[in-house]
Amino acid sequence: NGRSYSFAKKCVASQEQIFEKIDAIAANIAIDYAGKATAENPLILICVLKGAYLFTADLARALADKGVPNVVEFMCVSSYGKYTVSSGEVRMLLDLRNSISKRHCLIVEDILDSARTLDFLYKVFMTRGPASLRTCVLLDKPEGRKLPFVAHYRCFEIANEFVVGYGLDYAEMYRDLRDIVVLKPEVYSPKTASEMHKVPDSKL
Ligand code: PRP
Ligand code: MN
Ligand code: MG
């Protein structure tokens, strides 16, 4: 199941499993947006940087395969920084280039955890008058919720473990893996309890 990595404890989803799920979810999206997403009025995929960059790229192509015209817009927010625990504050670092007024929009996220990020983005985009607004997440970690939030499309449900790969990072590392994995505990090299979630100095 997936490639082997010296720093990984286990594989949560291999590239092959990810592609299979994306294909299936794209088929569902194609049914739901039939007649709504057209060449004249393509579906706007809102890619939430950085984590969702690979998922968005693969979802966009899977949707094109299914005949769903789509365009991509980028948004950048951050709440985890270099830690494995959310700071509780979502910072907007980059906003969309174009208006989403009267457009069908799908927010594309790599993971739904505490839901602070998606709750924030959903509220922000709703104020901009889209024709419709839905969310599509690759990973859903229900046990992590701090706010109630249900995604319209979900590829994988995962346990309450910190995962990396396929866009997901730990202190900006591991985004480039083809597979999604759980890191070995020693990779975090905890020193003291208060330092638990900080990055070892050597990695800064
Ligand atoms: C991560 C992840 C999601 C968000 C999910 O982003 O990519 O965007 O956290 O967590 P939540 O449901 O608890 O809000 P992060 O802040 O690490 O930024 P990044 O995408 O640039 O890695
Ligand atoms: Mn993110
Ligand atoms: Mg991150």
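# Exercises on a predicted model

The side chains of Ser86 and Arg116 make a polar contact at 3.1 Å. A polar contact is a pair of N or O atoms within 3.5 Å; within protein, one must be able to donate a hydrogen and the other to accept it, and residues adjacent in sequence count only if both atoms are side-chain atoms.

The model is predicted: local features need pLDDT of at least 70, side-chain atom pairs count only at pLDDT 80 or more, and totals for chains, interfaces and linings use all residues. Residues are numbered from 1 along each chain as its sequence is written, chains are lettered from A and ligands numbered from 1 in the order in which they are written, and side-chain values use heavy atoms, with hydrogens and water left out.

## Exercise 1: Ser86

Task: Find where Ser86 lies, and decide whether Ser86 is buried or exposed.

Solution.
- Step 1. Ser86 belongs to the loop between β3 and β4. Strands (E, at least two residues) and helices (H or I, at least four) are DSSP runs, numbered from the N terminus.
- Step 2. The relative accessibility of Ser86 is 15%, so Ser86 counts as buried. The classes are buried under 20% relative accessible area, exposed over 50%, and partly exposed in between, with a 1.4 Å probe and protein chains only.
- Step 3. A polar atom of the Ser86 side chain lies 3.0 Å from the backbone nitrogen of Gly88. The Ser86 side chain also has its 3.1 Å polar contact with the side chain of Arg116.

## Exercise 2: the surroundings of ligand 1

Task: Describe which residues and elements surround ligand 1.

Solution.
- Step 1. There are 18 residues around ligand 1, and the nearest are Tyr80, Glu109, Asp110, Ser114 and Thr117. A residue is near a molecule if one of its heavy atoms lies within 4 Å of it.
- Step 2. Ligand 1 sits in the largest pocket. Two or more residues of the shell come from each of β3 (70-78), β5 (104-112) and α3 (116-126). On a 1 Å grid over the protein atoms alone, a pocket is an open set of points with protein on both sides within 12 Å along at least five of seven lines, whereas a cavity is a set of points where a 1.4 Å probe fits but cannot get out; lining residues have an atom within 4 Å of a point. A molecule sits in a pocket or cavity if more than half of its atoms lie within 2 Å of its grid points.
- Step 3. β5 gives the largest share of the shell, four residues.
- Step 4. By type, the shell holds six nonpolar, five polar and seven charged residues. Here Ala, Val, Leu, Ile, Met, Phe, Trp, Tyr, Cys and Pro count as nonpolar, Asp, Glu, Lys and Arg as charged, and the others, Gly among them, as polar.

## Exercise 3: oxygen atoms of ligand 1

Task: List the protein atoms that lie 2.5 Å, 2.8 Å and 3.1 Å from an oxygen atom of ligand 1.

Solution.
- Step 1. At 2.5 Å there is an N or O atom in the side chain of Glu109.
- Step 2. At 2.8 Å there is a polar backbone atom of Ala115.
- Step 3. At 3.1 Å there is an N or O atom in the side chain of Arg175.
- Step 4. Ligand 1 taken alone exposes 490 Å², and the protein buries 93% of that. Accessible areas come from the Shrake-Rupley method with a 1.4 Å probe; for residues, only the protein chains shown count as cover.

## Exercise 4: Arg175 and Glu172

Task: Decide whether Arg175 and Glu172 are buried or partly exposed.

Solution.
- Step 1. Arg175 is in the loop between β8 and β9. Glu172 lies in the loop between β8 (163-164) and β9 (180-183).
- Step 2. Arg175 has 11% relative accessibility and therefore counts as buried. Glu172 has 44% and therefore counts as partly exposed.
- Step 3. The side chains of Arg175 and Glu172 make a polar contact of 3.0 Å. A polar atom of the Arg175 side chain is also 2.9 Å from the backbone oxygen of Gly167.
- Step 4. Glu172 is not a glycine, and its phi is positive, near 75°.

## Exercise 5: backbone geometry in two loops

Task: State what the backbone does at Lys50 and at Lys102.

Solution.
- Step 1. The Leu49 to Lys50 peptide bond is cis, with omega near 0°. Lys50 is in the loop between β2 (43-49) and α2 (53-65).
- Step 2. Lys102, although not a glycine, has a positive phi of about 65°. Lys102 is in the loop between β4 and β5.
- Step 3. The relative accessible area of Lys102 is 65%, so Lys102 is exposed.
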